[in-house]
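Me: Could we go through this structure together, one residue or group at a time? I'll ask, and you reason it out.

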Amino acid sequence: MKNEMNLTEGNLYKKLWIFVIPLIFAGLLQLLYTACDLIVCGQFGSEHSVAAISATNALINLIINLFMGLSVGANVLMARAYGADDKQKSERIVYTAMSFSIIIGIVVGIFGASLSHIFLAWMKTPADVIDLSSQYLFIYFLGLPFLMIYNFGAAILRAIGDTKRPFIFLSISGLINVLLNLFLVIVLHLDVGGVAIATISSQAVSATLVFISIIKNKSFFEFDFKNFKIYKKEAIEIIKIGLPTGLQSVIMSISNVLIQSSVNSLGTAVLDGNGASASLESFIWMAMNQSCHACIAFVSANYGAKKIQNIKKCILYSLSIILIVWFVSSGIILMFDDQLILLYLKDDFYGLEYAKKRLTIIATTYYLCGIMDLFAYSLRGLGYSAIPAIVSLIGTCFFRIFWIYTIFVQEQFNNIEWLALSYPISWLITASVLLVLLIIFYRVVKNKMNLYLKDITNN
């Protein structure tokens, strides 16, 4: 019980901060897996090992994001059950979600590992890095079940207000990841393969710890292996909420694969710089995105508790948190951009130049992405999952694809700066549309809840 938090009563702004701080640090630690891979390879690995790992990022996200959307569905449903104090339903959600994580992790892991080299060839990965990229990707996908188990398990714990234990587990596994990286690359000279082994080994630790926490939980829900199976009703509900989110992520990843292919076409130096910049930017995004995860948990819990007055507060409070998080994180990264980039690239000053060009554009406008994600997550918390997915697809994915094939292909715009500009423009367009929809559907939900409460009072 001491790990749980009431998400519907008390000082919600204070609780959001208490909830989100360990969530942010947990997300940042998860990012350190890849960042540590890049830094260790950049300092002690072979030439262009940073480019080899960077070339896999968009493809990894493309394949796993479809199924990670289901963990969002599990989080929303669990938070609603928690807000409604429905213990029986919460247990069925836990069994279904953890069953999903194991099955999906194994199937997708085998699929991704077996086709890794073919996928990288389709993406026009440079010949001097494709073998290393394929090696990293093959090992990474073999460890995918651990990543899935952790993320689904952490989503369940977050839904009941427990963000501390996932953070502790990632702290432990993050330390293991760093130590293994240094040992496998510096001592055993395993290069890209070594950091991949370190990553999946540390993910196995965090997955084991979060699974133990689930099965030993004795407070809001209790785990019994006799009932450990997929429940049809809960599975359909998780898919209904999570699948549109996953499909949105997949199509967004497709646009990112096209962007990655465009980056690959600009040469290895640009690929090095783009990879370093993208890794640094991801820390800003992760901090903001975890704030969105906090918002969806609070919105979903208050939706389940029929407390409409709290939903608006949670969205506005989360917006202020996102802006604060963006200002602090982007300010630190831009202040020390040279030093941070050279952690990845060592003495590659050509790569440094390209990284700074991209980083300046993305970091200074990233708050638009945070706001866009907040509006989308808020709509999902209100029960509208397909709508933000469709809007995001049109406003971000299709726009970026349009940009690549109309603007970027022009000779005068065929550079990293114009490619990076496609991001903030797409965020602004999408956020504007989502804000209008959020206002409309918030009023719809408010009217429905008022009618429900009126009927309860009359009866």
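Me: Is Phe183 buried, partly exposed or exposed?
Reply: Keep in mind that this is a predicted model. Phe183 sits in helix α7, and its relative accessible area is 40%. Buried would need under 20% and exposed over 50%. Because 40% falls in between, Phe183 is partly exposed.

Me: Phe183 belongs to a nonpolar patch on the surface, so to speak; which element gives the largest share of that patch?
Reply: Happy to look at that one! The patch is made up of Phe44, Val178, Leu182, Phe183, Ile186, Val187, Leu188, Leu190 and Ile197, and together they have about 710 Å² of accessible area. Five residues of the patch come from a single helix, and that largest share belongs to α7.

Me: What is the backbone angle phi of His189, and is the residue buried or exposed?
Reply: His189 lies in the loop that runs between α7 (164–187) and α8 (191–215). Most residues other than glycine have a negative phi. His189 is not a glycine, yet its phi is positive, at about 60°. With a relative accessibility of 62%, which is over the 50% cut-off, His189 is exposed.

Me: And Asp191: what is its phi, and is it buried or exposed?
Reply: Asp191 is placed in helix α8. Its phi is positive too, at about 55°, although Asp191 is not a glycine. The relative accessibility of Asp191 is 13%, and because this is under 20%, the residue counts as buried.

Me: Let's turn to the interior. Which helix gives the most to the largest nonpolar core?
Reply: That core has 139 residues, and those with the most contacts inside it are Met78 and Ile156. The greatest contribution to this core is 17 residues, and it comes from helix α2 (residues 49–83).

Me: Which residues does Met78 touch, leaving aside neighbours within four places in sequence?
Reply: Met78 is one of the two residues with the most contacts inside the largest core. The other, Ile156, is among its contacts. The full set is Ser90, Ile93, Val94, Ile156, Ala159, Ile160, Phe220 and Phe221.

Me: How many residues are in the second, separate core?
Reply: Its members include Phe399, Trp403, Phe408 and Leu419. The size of this second core is five residues.

Me: One last thing: how far apart in space are Gly246 and Leu70?
Reply: Gly246 lies in helix α9 (residues 232–264) and is buried, with a relative accessible area of 0%. In sequence, Gly246 and Leu70 are 176 residues apart. In space, C-alpha to C-alpha, their separation is 6.7 Å.

Methods
Residues are numbered from 1 along each chain as its sequence is written. This is a predicted model: local features need pLDDT of at least 70, side-chain atom pairs count only at pLDDT 80 or more; totals for chains, interfaces and linings use all residues. Side-chain values use heavy atoms; hydrogens and water are left out. Helices (H or I, at least four residues) and strands (E, at least two) are DSSP runs, numbered from the N terminus. Buried means under 20% relative accessible area, exposed over 50%, partly exposed in between (1.4 Å probe, protein chains only). A nonpolar core is a set of buried Ala, Val, Leu, Ile, Met, Phe, Trp, Tyr and Cys residues joined through side-chain atoms within 4.5 Å. Contact means heavy atoms within 4.5 Å. Patches are made of residues with over 30% relative accessible area and no salt bridge: like charges are joined within 9 Å, nonpolar side chains (Val, Leu, Ile, Met, Phe, Trp, Tyr) within 5 Å. Accessible areas come from the Shrake-Rupley method with a 1.4 Å probe; for residues, only the protein chains shown count as cover. A salt bridge is a side-chain nitrogen of Lys or Arg within 4 Å of a carboxyl oxygen of Asp or Glu.
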